[in-house]
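Me: I'm new to this one, so could you walk me through how a few of its descriptions are reached?

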Amino acid sequence: TEDKIAAYQTLYECMITISKLMSPVAPFFSDWLYKNLNNVTKKEVFESVHLADFPKESENAIDQLLEERMDYAQRISSLILSIRKKEKIRVRQPLFKALLPVLDERFQTQVEAVQDLIMAEVNVKSFEFVKDTSGIITKNIKANFKTLGKRLGKDMKVAAEMISQFDQQTINQIEKQKFYALNIGETTYTLEQEDFEIGFNDIPGWQVANDRDLTVALDVTLNEELINEGTARELVNRIQNIRKSKEFNVTDRIQVKVEANEAVSAAIEKFSEYICTETLANSLVSVNELAVEKIELFDDVLIGLEVSLA
């Protein structure tokens, strides 16, 4: 039928384009794919994919809103992961909340569209947008002597003192407008954003990071519930690794024995159902001692794990 012919035509064009796009990184496979397609259809005159014209971009196919959403998702995720790394908090350890100051309504709408993706990537339970950061996130500012020293000369000391006294509104204005007109006596200096060093004041229990216009505050406080859930996730990971090393099928049901340890007992008690569901375990029991090689769970905690087919 005509519909089938059109579908095959579209599929062919897609595969030809894919072969060209992959040619720089997979030269042999892409050439094999191109020749197999083109030798049948004879639609192109080139003997090799490496002699063919590289595909040209189509402006109509570019989804700028999607690209913006994914840029936000990547940058926000990177900020949160950088805080985790700085605080030495494992990614499998859930955290309670992240705060994200809103730049504008479009920004919030765009981030909300990828919010679930970000939360899954960084393992944070809740995400809160804040429009008024006063009292939550406070910034400090100082002059960048490397860029301003030669330009301001004798006025440098006075400028540094004035800049250090800027309030939150002025700092936000500098970040938004990317410049600031500094008046010293009868002289006006136009300062760029790179002429300032902007940081954040400490918030008890929170850590803050920023990337240009983006700022993220992460609650790094861990309570017993979060710690137990993090331990459960680590157990799931170790059990899955053992499944893989024993070459079990992905559908195989198993039974798990865990050597008794204070570091994991509460996690097993509260999250046994989650662990069993994630690992396809029919049973999860704690025993006093196991004759197996111990596995490091975290922070030098060693446990014995025995995984067998059910």
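**How the labels are earned**

Reply: Sure, starting with a lysine: Lys139 counts as buried, with a relative accessibility of 12%. Keep in mind that this is a predicted model.

Me: Why does Lys139 count as buried?

Reply: Buried means under 20% relative accessible area. Lys139 comes in at 12%, so it counts as buried. This residue lies in strand β3 (residues 139-143), and among the residues it touches are Ile171, Glu175, Ile198, Phe200 and Thr215.

Me: What makes the link between the side chains of Lys139 and Glu175 a polar contact?

Reply: The distance is 2.4 Å, and the cut-off for such a pair of N or O atoms is 3.5 Å.

Me: Okay, on to helices. Why is α6 called oblique to α7?

Reply: The axes of α6 (residues 145-152) and α7 (residues 156-164) cross at roughly 135 degrees, coming within 9 Å. Angles over 145 count as roughly antiparallel and 65 to 115 as roughly perpendicular, so α6 ends up oblique to α7. On the α6 side, Phe145, Leu148, Gly149 and Leu152 make the contact, and α7 brings Met156, Ala159, Ala160 and Ile163.

Me: How do you know that helix α10 isn't straight?

Reply: If straight, its 18 residues would span 26 Å, but α10 (residues 262-279) spans only 22 Å between its end C-alpha atoms. The bend is about 80 degrees, at Phe271. Phe271 is also one of the buried residues of α10, and the elements covering those buried residues include α9 (224-245) and β10 (281-287).

Terms used:
Residues numbered from 1 in each chain as written. Predicted model: local features only at pLDDT ≥ 70, side-chain atom pairs only at ≥ 80, totals over all residues. Heavy atoms only, no water. Helix = DSSP H or I, 4+ residues; strand = E, 2+ residues; numbered from the N terminus. Expected span 1.5 Å × (residues − 1). Bend = angle between axes of the 7 residues up to and from the residue. Buried < 20%, exposed > 50% of the residue type's maximum accessible area, 1.4 Å probe, protein only. Contact = heavy atoms within 4.5 Å. Axes fitted to C-alpha atoms, helices over the stretch in contact; angles between N-to-C directions. Parallel < 35°, antiparallel > 145°, perpendicular 65-115°, else oblique. Polar contact = N/O pair within 3.5 Å; in protein donor to acceptor, adjacent residues only side chain to side chain. Lists of a residue's contacts leave out its neighbours within four places in sequence.
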